[in-house]
Amino acid sequence: MTSETEQKILDAALKLFAERGYTGATTRVIAEKASVSELTLFRKFKTKNNLYDMVLTKNIEKMLNDLNESVLIDKEFENSRDFLETFVKNGVKAMRDNFEVFYLSVNGENKMLEHMLDETMNVIADYIERNIPGRKVDYKTLGFTINSFIYVVNLEKYHGRTSSFGKSPDETIENAIDILCCMIDH
Amino acid sequence: MTDQTKQKLLDAALKLFSKNGYKATTTRAIAIEADLNELTLFRRFGTKENLFNEVMIQNNERVKEHFIKITSIDQKFEDHKGFLKAYIKGIEKFYLNDFEIFNLMVNEDYKEFDQDMGEFSLFMGEFLKRNIKSENIDHLALGIMINTFFYMINLSKYQGRTYMGEGSTEKFIDNLLLCIE
């Protein structure tokens, strides 16, 4: 169980690690952002490395939880279009809610995370196949295609860029869903 | 200062900015990476920010060069499969040689990127429209889906991960062809 103080430090650390990288985010600035003393930070987390590990562990847990609860939902879909539209839109939101930890996961060199990412891609592929079975599409590649697209959509939003797709992000998402539907129901 | 020295600094800066981010990269580290004196860096570029801007300007030029190469196959293919394979080969080549350029552009809060990338996306969309005769898809979105896919594949490689494995390009093309044949 995390105390309120620990949570404040973890939240501040997550933001700063994502923004500035491990080296760039100092314990002093993290403590400042969390409105605690550096002493408190070290008392609770011992080392910066340990703090970083906790940030990753806790937030990856939350991310996977959100994925399971909000994206990989078990329900009856009207048709493949209904499924894809729901899946993509829920995916965009889940990634937005967990963006910083996903960003850290894909931009860091970490063997443990590699396994987690690989497993997650398999789970996603299986979920898609369960809901739209028997199509000629390669499901793992499809999942990765969707995931990559969703990641960059969120990356642009994270940086406050709204024009990089040429059209609005929302319109781009709709059009991407159309293409996916086209692949599935060709 | 020679052009060679300037280029060494730009190369080192690109490598480290891409790997560690702008904020975490020091001019000292860049100088060491370039095997040069930090004084040389300051004499030529003045500040870290200025060095970053010059890296981005050069990046922009390189992206344009790549774009010209990639679009040299304009209307040279009769079939969609042939076109897609050649187009994607061009994109893969870009990421193989210059992954850091695009990686740096997407990961930094570089405002100019918004407009530059927007224009680039529109160009790509028009290019794909000329070469993929398919009425039921938006070519702009198609270009973005292709680019983001290969960005993530190469990001994995850049970070030493290989979880998508061999054959992912072929499978990706096959998936696309289901839609545009």
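Me: Which residues account for 62% of the contacts in chain A with a separation of 6 or more?

Reply: Residues 24 or more positions apart do, in this predicted model. You can set that beside the makeup of the chain: nine helices and zero strands, so to speak α-α-α-α-α-α-α-α-α from the N terminus on.

Me: What box do the C-alpha atoms of chain A fill?

Reply: Along the principal axes, roughly 60 × 35 × 25 Å. Inside that, 39% of the 186 residues of chain A count as buried.

Me: Now burial, one residue at a time. Is Ile153(B) buried or exposed?

Reply: The idea is to count neighbours: 20 or more other C-beta atoms within 10 Å makes a residue buried. Ile153(B) has 20 of them, so it's buried. You'll find Ile153(B) in helix α7 of chain B, residues 139-158.

Me: And which residues does Ile153(B) touch, not counting those up to four places away in sequence?

Reply: Met164(B) and Ser168(B). Take Met164(B): 11 residues from Ile153(B) in sequence, with 7.3 Å from C-alpha to C-alpha.

Me: On to the interface. How many residues does each chain put into the contact?

Reply: In general, interface size is often given as the accessible area lost when the parts come together. Here we have residue counts: 40 from chain A and 39 from chain B. On the chain A side, α1, α6, α7, α8 and α9 each supply at least two residues.

Me: Which of them gives the most?

Reply: α8(A), with nine residues. By type, the chain A side that touches chain B splits into 15 nonpolar, 16 polar and nine charged residues.

Key. Residues numbered from 1 in each chain as written. Chains lettered and ligands numbered in written order. Predicted model: local features only at pLDDT ≥ 70, side-chain atom pairs only at ≥ 80, totals over all residues. Contact = placed C-beta atoms within 7 Å. Helix = DSSP H or I, 4+ residues; strand = E, 2+ residues; numbered from the N terminus. Nonpolar A, V, L, I, M, F, W, Y, C, P; charged D, E, K, R; others polar. Buried ≥ 20, exposed ≤ 12 C-beta atoms within 10 Å, placed from the backbone.
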